[in-house]
Amino acid sequence: MNFQPLGKRVLVKRLEEATTTASGIIIPDNAKEKPLKGEVVAISKEVEGMQVNDTIMFAKYGGTEIKIDNVEYLVLNVDDILGILK
């Protein structure tokens, strides 16, 4: 895959949430919300303070979903990124 975001954007792969609750109840796929956490895969040259492989939190309705080589990614504006998890 060779995708370079333009402007102040990053390419993110969503990180899957747990499929069971703390008490052991299994959550079915149709009841899960899309995760708001992801791993940075690519960064435009205009973005500062972030690196590839950083784990970030982002806005619920932010970004544009794209598919590259049958893998789903999210292209996010920097303004939709809430913070970096450390």
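Student: How many bridges join strand 1 to strand 5?
Tutor: This is a predicted model. Strand 1 and strand 5 run antiparallel. Within that pairing, Val10 stands opposite Leu76 in strand 5. The number of bridges joining the two strands is 4.

Student: And how many bridges join strand 1 to strand 2?
Tutor: Strand 1 and strand 2 also run antiparallel. Val10 stands opposite Ile43 in strand 2. The count of bridges here is 5.

Student: What is the strand order of the open sheet?
Tutor: The protein chain has 0 helices and 6 strands. Along the chain, the elements run β-β-β-β-β-β from the N terminus. The open sheet takes in 6 strands with antiparallel pairing. Its order is 4-5-1-2-3-6.

Student: Which strands are the edge strands?
Tutor: Look at the ends of the order 4-5-1-2-3-6. An edge strand of this sheet pairs on one side only. That picks out strand 4 (64–68) and strand 6 (81–85).

Student: By what angle are neighbouring strands of this sheet turned against each other on average?
Tutor: The sheet has antiparallel pairing, but direction is ignored for this angle. The average turn between neighbouring strands is 45°.

Student: Which residue takes a positive phi in the hairpin of strand 4 and strand 5?
Tutor: Strand 4 and strand 5 pair in the antiparallel sense over 5 bridges. In that pairing, Lys67 has Glu72 of strand 5 as its bridge partner. The hairpin leaves 2 residues between the strands. The residue with a phi near 50° is Asp69.

Student: Which side chain meets Glu65 in a salt bridge?
Tutor: The structure holds 1 salt bridge. Its two side chains meet at 3.4 Å, N to O. The pair links distant parts of the chain, from strand 4 to strand 1, 51 residues apart. The partner of Glu65 is Arg14.

Student: Is Glu65 buried or partly exposed?
Tutor: Buried means under 20% relative accessible area, and exposed means over 50%. The relative accessible area of Glu65 is 44%. This value falls in between, so Glu65 is partly exposed.

Student: Which strands each supply at least two residues of the largest nonpolar core?
Tutor: The largest nonpolar core has 11 residues, including Val10, Val40, Phe58 and Leu76. Another core, of 5 residues, lies apart from it, with Leu11 and Tyr73 among them. For the largest core, the strands asked for are strand 1 (9–14), strand 2 (37–43), strand 3 (55–58) and strand 5 (71–77).

Student: Is Val40 buried or exposed?
Tutor: Val40 lies in strand 2. Beyond residues up to four places away in sequence, Val40 touches Leu11, Met50, Gln51, Val52, Asn53, Asp54 and Ile56. Its relative accessibility is 0%, and the cut-off for burial is under 20%, so Val40 is buried.

Student: How many Å apart in space are Val40 and Val12, C-alpha to C-alpha?
Tutor: Both residues belong to the largest nonpolar core. In sequence, Val40 and Val12 are 28 residues apart. In space, their C-alpha separation is 4.6 Å.

Student: What percentage of the residues of the protein chain count as buried?
Tutor: The protein chain exposes about 6200 Å², and carbon and sulfur atoms supply 49% of it. Among contacts between residues at least 6 apart in sequence, 56% join residues at least 24 apart. Of the 86 residues, the share that counts as buried is 28%.

Terms used: Residues numbered from 1 in each chain as written. Predicted model: local features only at pLDDT ≥ 70, side-chain atom pairs only at ≥ 80, totals over all residues. Heavy atoms only, no water. Buried < 20%, exposed > 50% of the residue type's maximum accessible area, 1.4 Å probe, protein only. Contact = heavy atoms within 4.5 Å. Areas by Shrake-Rupley, 256 points an atom, 1.4 Å probe, with all protein chains shown as cover. Core = buried A, V, L, I, M, F, W, Y, C linked by side-chain atoms within 4.5 Å. Pairing = 2+ DSSP bridges. Axes fitted to C-alpha atoms, helices over the stretch in contact; angles between N-to-C directions. Salt bridge = Lys/Arg side-chain N within 4 Å of Asp/Glu carboxyl O.
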